[in-house]
Amino acid sequence: MEQRNPRLRWLIVWGVAAIWMGAVLARLGYLQLFCYSEYFAKAQHQQQRTYEISPMRGDIYDRKGRQLAISVPMDSVFADPAEVKEPEMVARLLSRVLGVPPEDLEMKIRDASKPVRLAKKLSPELVERIDEMNLKGVFFQKENRRIYPQHEFLSHVLGWVDVDEKGMGGLEQELDKQIRGRPGRVMVMADGKRQLYDRNEASADPGASVVLTIDETIQYIAEKELAIAMAETHSKSGTVVVQDPSNGALLAVANWPTFDPNDPGKFPAEKRQDLAVAAAYEPGSTFKTITMTSAIENHVTNPDVMVDCQMGSILVAGRLIHDWHPFGVLSVRDVLAHSSDVGTIKIALNLGAPRFYDTMRKFGIGQLTGIELPGENRGKIRTVDNWTASSIGSVAIGQEVSVTPVQIISAISAIANGGTLYRSHVVQEIRGSGGANLPLPKRPEPTEVTDAKTAATIREMMQNVILEGTGKPAQLNGYTAGGKSGTAQKIDTNTGRYSPNQYIASFVGFAPVNEPAVTILVVLDSPEGAHHGGEVGGPVFKRVAEQVLAYLDVPHDVPVESDSEFAKKNKGSVEPDDSVAQNDLRAQDRRTQQEQATFQNVVSKNTATRPNSGSSSSSGSSSSAAPTTVISEEDSVDVPDLTGQTVRGVTESCSRLGLLPELIGSGVAVEQTPDAGTRVPRGSSITVRFGRAVAAVSPAATPAGTPAPVRRNVN
């Protein structure tokens with residue numbers, strides 16, 4: 001038989017090998033070039049576990065560095081479905097601790113392709129119980145929980161966060177990008193047996209801290225006095241705003257009703273609304289200050305011009321408007337002091353709509369202030385082209401126009417400071433995690449809205465309102481003040497007309513008159529019984545102003561009188577619509593009783609929440625989500641004896657030791673909890689009630705360097 005050529009056989013072998021190798025290389029090329037991403041992703045899914053590390057939100061402080069919102073690390077429990085061999089058993093055991101149906105937990109584990117969170121931010125007690133079970137595939141990871149140590153305090157300004165630490169209201173929402181920080185990631189590698197062998201971590205960047213213009217002590221005074229006013233007037237809602245007129249900084253923003261941002265879901269949306277920025281209302285007679293400013297600035301009138309108020313009625317384009325009292329001839333100064341609608345309307349008619357409208361716009365009416373809070377309402381002011389023939393009469397007395405509290409207080413502050421409009425703001429600084437200051441949110445530049453001479457004239461007229469007119473209940477003991485009351489009928493939603501028995505009562509003013517340190521606005525919605533702004537808002541202004549001015553150590557510009565002298569001087573001198581001052585002493589007794597009850601409530605709350613300096617575990621309510629803190633002896637201080645000190649003295653003494661004062665009342669300290677000498681951790685709350693001293697304190701007996709206490713009891 002003829003043998004084949006060996007060379008041919010080798011060619012065949014090499015040809016087959018080349019074809020096989022070409023196929024292999026082609027397949028490899030295809031996999032590498034066209035399927036790389038798919039297989040790489042599958043490998044990562046099998047070998048890698050990636051966890052997100054939530055960043056620490058920045059703290060929020062008041063203007064003196066006192067903490068208002070903080071974040072603390074807490075443990076959340078996770079389950080890795082690749083390691084949990086018996087999901088049913090694990091779910092059954094965990095459900096007993098977490099209080100979650102076992103079916104829900106089992107479904108979470110079975111449906112997950114990667115580690116899944118079973119419960120968030122557990123208390124130390126629950127973490128310990130779960131840890132003792134030693135369940136394979138169940139582990140903990142640190143997450144941050146937002147805590148508002150003072151609960152309802154300043155809640156509308158601070159806002160709140162959701163379960164994922166996202167800001168949902170107030171500053172938490174408006175500055176969420178700055179406060180939240182950047183999340184980190186942890187990546188771990190696992191082999192074929194799911195054993196971890198490598199770890200790569202990118203740390204989270206903490207958020208920026210925010211320093212507010214709010215002063216904790218002034219905020220407390222505003223909230224306390226608003227709560228008393230709500231109890232006395234049974235109003236539906238209320239707002240008290242305190243502003244520094246020299247720069248527009250808000251020192252206090254108190255709203256009622258309020259809510260606890262630690263658990264916002266328990267409160268309806270209307271309680272979480274910040275009325276100071278979101279609630280627009282017709283300002284009523286407080287708006288007459290803008291009317292008078294426009295008229296005097298445009299040389300239409302002056303305080304000494306006499307106006308015939310026509311015994312309390314005027315017809316404007318077929319609309320008959322009545323005064324609250326049948327006034328005859330009044331000076332322009334007295335038109336404002338006695339809040340005559342007829343006199344104000346006649347002045348506005350001489351002024352004319354175009355010039356009046358221009359003044360309102362300059363004062364920011366109908367415009368956003370740019371305050372660093374969400375949901376601001378711009379109010380309403382129609383252009384002159386859309387006014388009816390009678391509109392000028394309505395707008396002049398604060399109807400057919402709506403404002404927010406932050407708008408009207410900014411406008412009055414412009415009069416107080418000499419004519420410059422500073423827009424309301426609550427943010428003083430934003431500090432990055434490295435300590436450097438970050439850019440502040442853009443706010444409008446200050447603008448001159450009236451000349452200094454006109455502003456001084458209006459200040460003098462507003463002082464006369466308090467001395468001789470409807471603002472008598474707002475007279476301060478030891479300080480001059482200017483102000484204006486307002487009583488605006490509300491629109492009845494059923495009829496579309498003004499309600500005969502529903503009112504917005506308000507009072508706005510500043511003190512002292514010549515060098516104003518504060519501007520204060522009080523707004524009460526639908527008070528029952530007495531409803532005039534002077535009689536229900538004036539006393540609130542008085543109590544807030546006297547306490548705040550004493551706290552700020554503002555020098556008295558008129559002599560301080562004793563309680564009896566001051567009451568005797570003002571008894572029976574109040575106009576019919578502002579007769580509340582006649583009941584001032586009885587009201588003081590009621591407030592003293594209320595503050596004693598408030599003192600006991602605050603003491604109970606602080607005692608329940610105060611950390612134990614020598615313990616690493618709390619008494620153990622499983623529902624408490626607050627972390628347990630171990631306080632060393634070096635972190636503890638002795639409570640000082642605060643008896644007899646003024647509000648300012650108590651605040652400074654506590655601040656030096658790192659303690660948080662809870663101040664109730666005014667005058668001098670008469671009671672405190674804990675007692676002097678008690679050892680407490682730094683950061684603890686010290687509740688102090690103020691009242692009248694046992695012996696009268698004369699200014700001459702006051703030690704050098706110590707501000708003389710206000711002798712007037714404004715509890």
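**Close-up views of a predicted model**

**View 1. His 338 sits in a loop between two helices.** With a relative accessibility of 14%, His 338 counts as buried (under 20% relative accessible area; over 50% is exposed and anything in between partly exposed, with a 1.4 Å probe and protein chains only). This is a predicted model, in which local features need pLDDT of at least 70 and side-chain atom pairs pLDDT 80 or more, while totals for chains, interfaces and linings use all residues. Residues are numbered from 1 along each chain as its sequence is written, and side-chain values use heavy atoms, leaving out hydrogens and water. The loop that holds His 338 runs between helix 13 (332–337) and helix 14 (341–351); helices (H or I, at least four residues) and strands (E, at least two) are DSSP runs, numbered from the N terminus. Look also for Asn 464, which is 126 residues away from His 338 along the chain. The C-alpha atoms of these two residues are 9.5 Å apart.

**View 2. Helix 12 is largely enclosed by the rest of the structure.** This helix covers residues 288–297, and ten of its ten residues are buried, so the surrounding structure encloses most of it. Among the buried residues are Lys 288 and Glu 297, along with Ile 290, Met 292 and Ile 296. Thr 289, Thr 291, Thr 293, Ser 294 and Ala 295 are buried in helix 12 too. Follow the chain just past this helix and you meet His 299, with a positive phi of about 60 degrees. For context, 51% of the protein's 715 residues count as buried.

**View 3. Helix 3 packs against helix 5.** Helix 3 spans residues 87–98 and helix 5 spans residues 124–133. Their axes lie 10 Å apart, at an angle of about 160 degrees. That makes the two helices roughly antiparallel (over 145 degrees; under 35 is roughly parallel, 65 to 115 roughly perpendicular and the rest oblique). Helix 3 brings Leu 93, Leu 94, Arg 96, Val 97 and Leu 98 to the contact (heavy atoms within 4.5 Å). From helix 5 come Leu 126, Arg 129, Ile 130 and Met 133.

**View 4. Two cis peptide bonds to proline are shown together, at Pro 512 and Pro 674.** Ala 511 is joined to Pro 512 by a cis bond with an omega of about -15 degrees. Pro 512 belongs to the loop linking strand 19 (498–511) with strand 20 (518–525). In the second case, the cis bond leads from Thr 673 to Pro 674, and omega is near 0 degrees. Here the loop runs from strand 23 (668–673) to strand 24 (679–681), and Pro 674 lies within it. Most peptide bonds are trans.

**View 5. Leu 154 and Ser 526 each have a positive phi.** Leu 154, a residue other than glycine, has a phi near 55 degrees. You will find Leu 154 in the loop between strand 5 (138–147) and helix 6 (155–158), where its relative accessibility of 1% makes it buried. Ser 526 has a phi near 60 degrees and lies in the loop between strand 20 and helix 19 (533–551). Ser 526 is buried as well, at 6% relative accessible area.

**View 6. The whole protein places the earlier close-ups in context.** The protein has 22 helices and 25 strands. Counting contacts between residues at least 6 apart in sequence, 72% join residues at least 24 apart.

Key: Axes are lines fitted to C-alpha atoms, for helices over the stretch in contact, and angles run from 0 to 180 degrees between N-to-C directions.
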